[in-house]
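I opened a new page to record what I looked up in one protein model. The entries go from the whole chain down to single residues.

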Amino acid sequence: MFGDYSIGDLGSIFVMQGFAGLILFSVYVLMALGLAIIFGQMGVINMAHGEFMILGAYVTWMTSNVFQSYLPGLFSGYFFLAMILAFFASGALGMLVEWALIRHLYKRPLDTLLATWGLSLILQQTYRSVFGAREVGVELPQWMLGSLKVTDSIEVPINGVFVMCLTVLITVMVAYVLYKSRWGRQVRAVVQNRIMAGAVGINTEKVDRYTFGLGCGIAGVAGSAFTMIGSTGPTSGQLYIVDTFLVVVFGGAASLLGTIASAFSISQTQSTLEFFMSGSMAKVLTLLAVVGILMLRPQGLFALKVRK
């Protein structure tokens, strides 16, 4: 299969595949960060995570339409405002859901799975009723279109570079919040020993609510980034929920480093295999490899020790 290509052509193709893997890695990290916080830090199986992501995508779409219609002169910068609005919209909905539903189901993971699955169906129908059943696409600013020419035979899409930079920024911010801020220390204290954290004066209910809101808010930002690589529909979030859970479980629950390492391993493996076979077959082999590793190491790549 390589007879028609020179060594230079093969090198360029591998570089392009590697970059495609980095874009996929960025998308996986953005989607999995919020879920890792909710599932890892709180033990809640949030089957509606994809719908929080799609809410962010719809907010981005609406922001794009508003700028096109009323503020065309500022259209080139609308995406930055859209990401902020997506974060707060998804985060606010997440905090409302935690208060109304999730707080009654802590320590009952199977019940949270069923409840959030039902919530995902409700949100899908709500999106279908409000925005319609047809998928919508976001028009990107002119500076996000096109590609950057690295060499004569290698070009990288500008929106892919933007997604990677956004992923790095959000990951650094989340790491700082969880490991350097006062609130982050409270979150980790609640994770390691909820009873003792409450005994020393930490408001565990407030920590839970803000943690769930943060995870959903990050999903909203992931939805904004999602509009650059695909169209948005009421059920689009369900296409990624399995991959997102796989990334979190493979990396190790409650491990930020594990989530990143897991997303990189899965994305690069899948992207490299796609060079040799079809996309669906590459995905199947990647999943089989992950399942095999989890059978040998059920706790994932990185595990957090939790005091009961």
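These are my notes on the chain, some of its helices and a few residues in them.

**Entry 1: the whole chain**

I noted before anything else that this is a predicted model. I looked up the secondary structure and found eleven helices and two strands in the protein chain. I then followed the order from the N terminus, which reads α-α-α-α-β-β-α-α-α-α-α-α-α.

Next I checked the overall dimensions. The C-alpha atoms fill a box of roughly 70 × 55 × 35 Å along the principal axes. A compact globule of 308 residues would have a radius of gyration near 19 Å, and the 20 Å of this chain agrees with that.

I also looked at burial and surface. Of the 308 residues, 47% are buried. The accessible surface comes to about 15200 Å², and carbon and sulfur atoms hold 68% of it.

For contacts, I took those with a separation of 6 or more; 76% of them join residues 24 or more positions apart. For charges, I found 18 positive and 13 negative, with their mean positions 20 Å apart.

**Entry 2: Phe19 in helix α1**

I went to helix α1, residues 7–42, where Phe19 is found. Is Phe19 buried or exposed? Its relative accessible area is 14%, under the 20% cut-off, so Phe19 counts as buried.

Leaving aside neighbours within four places in sequence, I listed its contacts as Val156, Pro157, Gly160, Val161 and Met164. I also took one distance: the C-alpha atoms of Phe19 and Leu96 are separated by 38 Å, with their positions 77 residues apart along the chain.

**Entry 3: helix α5**

Two of the contacts of Phe19, Gly160 and Met164, appear among the buried residues of α5. I therefore read up on this helix, which covers residues 158–179 and has 22 residues. It reaches 32 Å from its first C-alpha to its last, close to the 32 Å expected at 1.5 Å a residue. Its buried residues also include Phe162, Leu166, Ile170 and Leu178.

**Entry 4: Val187 in helix α6**

Val187 is found in helix α6, residues 182–192. At 2% relative accessibility it counts as buried. Beyond its neighbours within four places in sequence, Val187 is in contact with Gln41, Leu178, Val207 and Thr211. Of these, Leu178 is one of the buried residues of α5. Val187 and Ile54 are 133 residues apart in sequence, and their C-alpha atoms are 26 Å apart in space.

**Entry 5: Ala225 in helix α8**

Helix α8 covers residues 204–226 and holds Ala225. Ala225 is buried, with a relative accessible area of 6%. Which residues does it touch, leaving aside its neighbours within four places in sequence? I found Leu30, Phe79 and Leu166. Leu166 is one of the buried residues of α5.

I also compared Ala225 with Ser271: they are 46 residues apart along the chain, and their C-alpha atoms are separated by 19 Å.

**Entry 6: Ser262 in helix α10**

Ser271 is among the buried residues of α10, so I checked the length of that helix. Its 18 residues, 256–273, should span 26 Å at 1.5 Å a residue, and the end C-alpha atoms are 26 Å apart, which agrees.

Ser262 is in helix α10 and is buried, with a relative accessible area of 0%. Leaving aside neighbours within four places in sequence, Ser262 is in contact with Leu246, Val247, Phe250, Gly251 and Leu301.

Conventions
Residues numbered from 1 in each chain as written. Predicted model: local features only at pLDDT ≥ 70, side-chain atom pairs only at ≥ 80, totals over all residues. Heavy atoms only, no water. Helix = DSSP H or I, 4+ residues; strand = E, 2+ residues; numbered from the N terminus. Rg over C-alpha atoms; globule rule 2.2 N^0.38 Å. Buried < 20%, exposed > 50% of the residue type's maximum accessible area, 1.4 Å probe, protein only. Contact = heavy atoms within 4.5 Å. Areas by Shrake-Rupley, 256 points an atom, 1.4 Å probe, with all protein chains shown as cover. Lys, Arg positive; Asp, Glu negative; His and termini not counted. Charge placed at Lys NZ, Arg CZ, Asp CG, Glu CD. Expected span 1.5 Å × (residues − 1).
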